[in-house]
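Reader: I'm new to this one and would like to learn how to read it. Could you take me through some features, one at a time?

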Amino acid sequence: MELRRQHLIDPVVCIRCNTCQEACPVDAITHDSNNYVVSYEKCTGCRTCVSPCPTGAIDNWLLTDAPWTLDEQFGWEELPESHPALGATIIETPAEVTTLLDAATTATGGRVPAPASAAQPYTNIYSREAPVTARVAGNMRITAEGAESDIHHVVLDFGANAFPFLEGQSIGLIPPGTDDKGRPYNIRLYSVASPREGERSGYNNLALTVKRVSGGIGSNYVCDLKKDDEVQVAGPFGDAFLMPDDPEANIVMICTGTGAAPFRAFTERRRRNAADASGKLMLFFGSRTPSELPYFGPLMKLPKSLIDVNLAFSRLPDKPKQYVQDKLRERAADLVPLLPHGKTHIYICGLKGMEQGCDEAFADICRLNGMDWASLRATLRAEGRYHVETY
Ligand SMILES: Cc1cc2nc3c(=O)[nH]c(=O)nc-3n(C[C@H](O)[C@H](O)[C@H](O)COP(=O)(O)OP(=O)(O)OC[C@H]3O[C@@H](n4cnc5c(N)ncnc54)[C@H](O)[C@@H]3O)c2cc1C
Ligand code: SF4
Ligand code: SF4
C-alpha cells in the first residue's frame with residue numbers, strides 16, 4: 001500500500017485566528033466560515049505556519065491513501081484518523097516535504113523554539129470538548145472610567161482542578177451558546193497575566209487582561225462575568241513564547257494594550273522570585289493615553305531596580321504622537337549593548353502590525369551602531385530569543 005503525508009489543521013483546536021493563512025508563503029491555507037484548511041497540492045511542508053499558530057492546531061501531518069480535498073476539510077468537525085503506516089510505502093509528495101520535515105526536526109526549520117532556560121510547559125490539557133471549569137474570583141475594570149478602551153482584569157480560580165501554566169502561555173475561554181449555524185462557539189484565547197504560582201501566590205488561580213471588543217462574542221462575555229460565575233476553560237496553549245528562567249536573562253518586552261498581559265506575568269515572576277537578578281527587564285509599552293493603559297498605576301510603582309519602564313503615548317493633547325518604536329530609538333544607547341548579548345531575549349506582543357515598526361527601529365539602531373539586524377534577528381530566533389505574538 002502507498003500512503004501520502006498530508007498537512008492538516010485540527011478544527012477542534014483551531015481558533016480561526018488567520019495567523020497561519022497570513023504566514024504561508026505559497027497561499028496553501030485558506031478558510032470558509034467553518035474551517036481553516038490546507039491544500040495538499042500547494043503545501044510544500046516548509047513549516048513557516050507552525051510556529052506562529054497560537055494553539056498548535058496547525059501541526060498535524062496525517063498519512064492517507066487518498067489526500068483529503070479542500071471541500072472535505074471544510075466539512076470536518078474533527079480530524080479523521082491517520083492511516084496506520086504498518087507495512088505501507090510512504091510517498092512524500094510534494095517531494096520537498098521529506099527534506100523539509102527532516103530539516104525542521106534537525107534544525108529549527110522555521111520554528112522559533114522556546115528560550116533554552118524556560119521550564120517545560122504543559123499544553124492542550126483541556127479542550128473545547130473536554131474543558132475544565134473555573135470560577136470567577138474577581139472582575140475589575142482597569143482602564144479609567146470614561147477611557148475609550150474598556151479593559152478588565154479577571155481572576156479565575158481552578159479550585160481542586162489542576163491547571164499548570166507558565167508565564168507567556170494563553171488559555172482558551174469557551175463562550176456559552178452557539179453560533180448562527182448552531183455549533184458551539186470557538187474558543188477565544190487570552191494570555192495569562194499572572195506568574196505560574198498564581199495571581200495570589202500559592203493559590204490555584206490566574207489573571208487575564210481582556211479588552212472589550214465592540215460586537216465581540218468572547219470579550220463581552222468575559223468582561224461581563226460576575227464574581228462566582230463558572231467558566232469553561234481550554235488549554236493551556238503555547239510552547240514557545242515563554243519566559244526564560246535564567247536570572248541573568250535580559251528581557252526586552254514591547255507591547256500595546258492587552259499585549260501587556262504576558263509581561264505582567266514575566267515581571268511578577270521576577271519580582272517575586274528573583275528581584276535582585278542581574279538580568280535587565282526593559283518594558284516598552286504603547287497606548288493612546290495613560291488612562292487607557294492597563295495597569296498604569298501598579299506599573300508606575302514598580303522599583304526602577306526591577307524594571308526599566310518606557311511608555312509611549314500617541315494621543316496626548318499638545319504632544320507629538322509617540323509609538324513604541326520611537327521609544328526604542330530613544331533608548332538606543334541602552335539597547336546597543338543588550339542586542340548582541342547572548343542572554344538577551346526580545347518579546348513583542350499586542351496589535352497585529354506592530355512588529356514592523358519595531359523591526360525598523362531595531363534595524364536603524366543596529367545600522368547606526370555597526371550591527372546587522374537581519375542576521376542578529378535570525379540568530380535570536382534560532383536560539384529562541386525573539387518572539388512575536390500579535391492578534
Ligand atoms: C495568542 C492570543 C492571545 C490573546 N490574548 C489576548 C489577551 O490577553 N487579551 C485580549 O483582550 N485579547 C487577546 N486575544 C484576542 C482574543 O482571543 C479575541 O480575539 C478578542 O477578545 C476578540 O474576540 P471576541 O470573541 O470578543 O470577538 P469576535 O466575536 O471574535 O469578533 C471579532 C470582531 O469581528 C466582528 N465580527 C464578529 N462577527 C462578525 C460578523 N458576522 N460580521 C461582521 N463582523 C463580525 C466583531 O464585531 C469584532 O469586532 C488573544 C488572541 C490570541 C490569538
Ligand atoms: S507548511 Fe509551509 S506551505 Fe504548508 S501550509 Fe504551512 S506555511 Fe504553507
Ligand atoms: S489557530 Fe492555528 S491553525 Fe487555526 S487559524 Fe490560528 S494559526 Fe491557523
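Reader: Let's start with Asp 27: is it buried or exposed?

Author: Keep in mind that this is a predicted model. A residue counts as exposed when its relative accessible area is over 50%. Asp 27 comes out at 56%, so it is exposed. You'll find Asp 27 in the loop between helix H1 (19-23) and strand E2 (29-31).

Reader: What is phi like at Asp 27?

Author: The general idea first: most residues other than glycine have a negative phi. Asp 27 goes the other way, with a positive phi near 55 degrees, and it isn't a glycine. Asp 228 is another such case, as its phi is positive at about 75 degrees and it is not a glycine either.

Reader: Where does Asp 228 lie, and how accessible is Asp 228?

Author: Look in the loop between helix H4 (217-223) and E11. Asp 228 has a relative accessible area of 45%, so it is partly exposed.

Reader: And what about the peptide bond from Gly 235 to Pro 236, cis or trans?

Author: Generally speaking, most peptide bonds are trans. The one from Gly 235 to Pro 236 is cis, with omega near -5 degrees. Pro 236 belongs to strand E11.

Reader: How should I read aromatic rings that sit together?

Author: You describe a pair of aromatic rings by the distance of the centres and the angle of the planes. There are twelve aromatic pairs in this structure. Take Phe 241 and Tyr 347: their centres are 5.2 Å apart and their planes make 70 degrees, an edge-to-face pair.

Reader: Which parts does the pair of Phe 241 and Tyr 347 tie together?

Author: Phe 241 is in the loop between strand E11 (230-237) and strand E12 (250-256), while Tyr 347 is in strand E15 (residues 344-350), so the pair links parts that are 106 residues apart in sequence. Phe 241 has a relative accessibility of 6%, so it counts as buried. Tyr 347 is buried too, at 0%.

Reader: What kind of pair do Phe 263 and Phe 266 form?

Author: Their ring centres lie 5.7 Å apart with the planes at 70 degrees, so this pair is edge-to-face. Phe 263 and Phe 266 both sit in helix H5 (residues 260-273), three residues apart, which is about one turn of the helix. Phe 263 is buried, with a relative accessible area of 2%, and Phe 266 is buried at 0%. Put Phe 241, Phe 263, Phe 266 and Tyr 347 together and you have one aromatic cluster.

Reader: What lies over the face of Tyr 295?

Author: That's Arg 264, at 4.9 Å from the ring centre.

Reader: On to the ligands. Which residues come nearest to ligand 3?

Author: Look for Cys 14, Cys 17, Cys 20, Cys 53 and Thr 55, which come nearest among the 14 residues around ligand 3. Sorted by class, that shell has ten nonpolar, three polar and one charged residues. The space that ligand 3 takes up is the largest cavity.

Reader: How does the shell around ligand 2 break down by class?

Author: Nine residues are nonpolar, four are polar and one is charged. There are 14 residues around ligand 2, and Cys 24, Cys 43, Cys 46, Arg 47 and Cys 49 come nearest. Ligand 2 takes up the space of the second largest cavity.

Conventions
Residues numbered from 1 in each chain as written. Chains lettered and ligands numbered in written order. Predicted model: local features only at pLDDT ≥ 70, side-chain atom pairs only at ≥ 80, totals over all residues. Heavy atoms only, no water. Near = heavy atom within 4 Å. 1 Å grid on protein atoms, 1.4 Å probe; cavity = no way out; pocket = protein on both sides within 12 Å on 5 of 7 lines; lining within 4 Å. Sits in = over half its atoms within 2 Å of the grid points. Nonpolar A, V, L, I, M, F, W, Y, C, P; charged D, E, K, R; others polar. Phe/Tyr/Trp six-rings, centres within 6.5 Å; stacked < 30°, edge-to-face > 60°. Helix = DSSP H or I, 4+ residues; strand = E, 2+ residues; numbered from the N terminus. Buried < 20%, exposed > 50% of the residue type's maximum accessible area, 1.4 Å probe, protein only. Lys NZ or Arg CZ within 6 Å of the ring centre and 35° of its normal.
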